[in-house]
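Please look through the sequence and the model shown below before reading on. The report that follows takes the strands, the rings, the cores and a few backbone details in turn.

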Amino acid sequence: MRPPDGAFDRIAALAARIFGVPVATVTIVDEDRIWFKATYGVDVTEIGRDPGLCASAILADEPVAIEDTALDPVARDNPLVRGDLAVRFYAAAPITTSDGYHLGTVNVLGPEPRSTTPEELQTLSDLAAIVVDELELRLSALREVRLERRRREEVQKSKAQVEEVARTLQQTLLPPRMPQVPGMELSAFYHAAPLQEVGGDFYDVFPLGGRRWAISIGDVSGKGVQAAALTSLARYALRGAAIQTSDPSLVMAALNETIVADQAAQDVPRYCTAVFCVVEQTESGSAQVRLANGGHPPAVVCRADGSIERLTDSGPMLGWLPDSRYPTLEALLGPGDGLLFYTDGITDARRYGQRFGEGRLAAALADRPHNNAKSLVRWVRNLMNEFDPPGYDDVAVISISVEPIHVTERQLTGVWAAGD
């Protein structure tokens, strides 16, 4: 059974009413078949092309009318005339495209002979023109759908390529792997959102010689290529300054001057927050921490006894003012203590509709289960899953912890023996 097609079915019904006949059709004619796009008063889907009334009508440039098929030498032998339908009246208008191609016909058929007027035949031609308009509209819509599909495929392909470039570029701005620091544990995490843009957060870890290690973390203004350029500048400017001096205050002052000079050369205002930290292991197994902060969220010392200490003293944002000064803060990490650095993607995130903030982070840290670096970073990653929406901004996290002292049973036995 032919599936219904509302637009063409209405045209067939209208043609039948105009001519006062019981049967009307809209057909598409190909090389050997006639397909019924719409029917009124008859249920048929296709017939052979020869011999056929439609096959003859489609060859004409004007409407065709056979007022009495019994008197027409060609039509009287047609199966529609001699068969059950017993058609005695037939009129048709060719369905012709704007470029002159004949697609099919709009037909009216009746059981009684009748005459036609020029106005009726013109109306039949108008109905055929409406069929052409509908077909061309559908064809245009189909072309647009296909074009839109191709556009989306190209956009998705381009997006994937941009994401791959962004991911590759982002990887060049971060350490390829965490170094091994004897007696200490390092862990870091980076999340860039969205992937098609290079994020502005960075971290770095590198040795300074002896038992000293440098840790830096920062957040540059903006995203994309400009942010990547400033990230690269900040990261390597910190490394360069640390070669000259391990004083965190002087390193940060040097980075500030570098960014100020770069702004003047590029004539583009660009800023950065950052922390530069020097961790030096002591003979006793502890670690001395000295750091300077330029407008960045404070580092947090997570003690083995469960207490926390926020290192809040800070200088101005880097690149904001020339000749800025950055105070040096100090802390001592004992066995089992950890130090956590993060960017404002954590504190600016919203949880349960409210900005998370430094206070909520400190309260959450007070209930943390562990202090070692890997556990602290894992804890932050799990915390991000509670944000709404999760991972909406760039986030960089890095942590270092002092390994706890493990006393063996033999050592304890020796202590007790000595006590005896």
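## A hairpin and its neighbours

In the hairpin formed by β5 and β6, five residues lie between the two strands, and G100 takes a positive phi near 90 degrees. The model is a predicted one, and the descriptions below should be read with that in mind. Strand β5, residues 89–96, pairs with β6 in the antiparallel sense, and eight bridges connect them. One position where this pairing can be followed is Y90, whose bridge partner in β6 is L109. Strand β6 is also joined to β1, residues 23–29, by six bridges, and these two strands run antiparallel as well. Here I28 stands opposite G104 of β6. Is β6 itself mostly covered or mostly uncovered? Strand β6, residues 102–110, is mostly covered, since eight of its nine residues are buried.

A charged side chain is placed at F89: the charged end of R114 sits over the ring of F89, at 5.2 Å from the ring centre.

## Aromatic pairs

How many aromatic pairs does the model hold? The count comes to three aromatic pairs, and two of them are set out in the table.

| Pair | Distance between ring centres | Angle between planes | Class |
|---|---|---|---|
| Y271 and W320 | 5.1 Å | 55 degrees | tilted |
| F356 and F387 | 5.4 Å | 55 degrees | tilted |

For Y271 and W320, the class follows from the angle, because planes that are neither under 30 degrees apart nor over 60 degrees apart count as tilted. This pair links distant parts of the chain, with Y271 in the loop between α6 (248–266) and β10 (272–281) and W320 in the loop between β13 (308–311) and β14 (328–333), 49 residues apart. With a relative accessible area of 23%, Y271 is partly exposed.

The rings of F356 and F387 also belong to separate loops, F356 to the one between β17 (354–355) and α8 (357–366) and F387 to the one between α9 (373–384) and β18 (395–402), so the pair ties together parts that are 31 residues apart in sequence. F356 counts as buried at 1% relative accessibility, and F387 counts as buried at 4%.

## A helix and what covers it

Next to F356 in the sequence begins helix α8, in which G357, E358, L361, A362, A364 and L365 are buried. In an α-helix there are 3.6 residues a turn, so residues three or four places apart point the same way. The elements that cover the buried residues of α8 include β12 (299–302), β13, β15 (338–342), α7 (344–347), β17 and α9.

## Nonpolar cores and a two-faced strand

The largest nonpolar core has 28 residues, and those that touch the most other members are I215, C277, V279, V289, L291, L339 and F341. Strand β18 gives the most to this core, with four residues. Leaving aside neighbours within four places in sequence, I215 is in contact with L186, D204, V205, V275, F276, C277, V279, F341, I398 and I400. Apart from this core lies another, of 23 residues, which has L238, A242, V251 and A292 among its members.

C277, one of the residues of the largest core named above, counts as buried at 0% relative accessibility. C302 is likewise buried, with a relative accessible area of 0%. How many disulfides are counted in the model? The count comes to zero disulfides.

L291, also named in the largest core, stands opposite L329 in β14. The strands concerned are β11, residues 287–294, and β14, which run antiparallel and are joined by six bridges. Which residues of β14 lie on its covered face, and which on its uncovered one? The covered face holds L329, A331 and L333, while the uncovered face holds T328, E330 and L332. In a regular strand the side chains alternate between the two faces of the sheet.

## Two unusual backbone angles

Two residues that are not glycines have a positive phi: D323, at about 60 degrees, and Y352, at about 55 degrees. D323 is placed in the loop between β13 and β14, and with 55% relative accessibility D323 counts as exposed. Y352 is found in the loop between β16 (350–351) and β17, and Y352 is exposed too, with a relative accessible area of 68%.

Notes. Residues numbered from 1 in each chain as written. Predicted model: local features only at pLDDT ≥ 70, side-chain atom pairs only at ≥ 80, totals over all residues. Heavy atoms only, no water. Buried < 20%, exposed > 50% of the residue type's maximum accessible area, 1.4 Å probe, protein only. Pairing = 2+ DSSP bridges. Phe/Tyr/Trp six-rings, centres within 6.5 Å; stacked < 30°, edge-to-face > 60°. Lys NZ or Arg CZ within 6 Å of the ring centre and 35° of its normal. Contact = heavy atoms within 4.5 Å. Disulfide = S-S within 2.5 Å. Core = buried A, V, L, I, M, F, W, Y, C linked by side-chain atoms within 4.5 Å.
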